[in-house]
Amino acid sequence: LKAAKDFKIDIAGGYMIGDKEIDIICGKKALLKTILIVKKANNVIPSVKAEHTFNDLLSSVNFILSIG
């Protein structure tokens with residue numbers, strides 16, 4: 001959030017994509033939409049729920065691009 005303020009970056013409507021619970025927590029604190037990447041080798045589901053879940057980064061990016 002500090003970097004967004006310091007560099008005047010508009011994060012409204014932005015996404016936080018991550019593969020760990022802390023990534024989703026940070027995204028929610030920054031008021032971003034969150035996407036969890038669920039690794040097939042790591043079946044641990046975080047206790048914090050993301051808005052969207054995908055198996056890989058490419059699927060996440062394709063989803064964001066598809067909604068404009």
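## A buried charge and a surface patch

Author: Let's start with Asp23 in this predicted model. Asp23 is buried, yet it has no salt bridge. Lys20 is the nearest side chain of opposite charge, and it lies 5.4 Å away.

Reader: How far apart may the two charged groups be in a salt bridge?

Author: The nitrogen of Lys or Arg has to be within 4 Å of a carboxyl oxygen of Asp or Glu. For Asp23, the distance to Lys20 is 5.4 Å, and no salt bridge is found.

Reader: Where does Asp23 sit, and which residues is Asp23 in contact with, leaving aside neighbours within four places in sequence?

Author: Asp23 belongs to helix α2, which covers residues 21-29. With those neighbours set aside, Asp23 touches Met16 and Gly18.

Reader: Which residues form a nonpolar patch on the surface?

Author: Leu57, Val61 and Leu65 do, and together they have about 280 Å² of accessible area. Val61 lies in helix α3, residues 57-66.

Reader: Why does Val61 count as partly exposed?

Author: Partly exposed is the class between buried, under 20% relative accessible area, and exposed, over 50%. Val61 is placed there because its relative accessibility is 33%.

Reader: And the whole chain: what is its secondary structure, and what share of its residues count as buried?

Author: The chain has three helices and three strands, in the order α-β-α-β-β-α from the N terminus. Of its 68 residues, 24% count as buried. The accessible surface of the chain is about 5,100 Å², with 62% of that belonging to carbon and sulfur atoms.

Definitions and conventions
Residues numbered from 1 in each chain as written. Predicted model: local features only at pLDDT ≥ 70, side-chain atom pairs only at ≥ 80, totals over all residues. Heavy atoms only, no water. Patch = residues over 30% accessible without salt bridge, like charges linked within 9 Å, V, L, I, M, F, W, Y side chains within 5 Å. Areas by Shrake-Rupley, 256 points an atom, 1.4 Å probe, with all protein chains shown as cover. Helix = DSSP H or I, 4+ residues; strand = E, 2+ residues; numbered from the N terminus. Buried < 20%, exposed > 50% of the residue type's maximum accessible area, 1.4 Å probe, protein only. Lys, Arg positive; Asp, Glu negative; His and termini not counted. Contact = heavy atoms within 4.5 Å.
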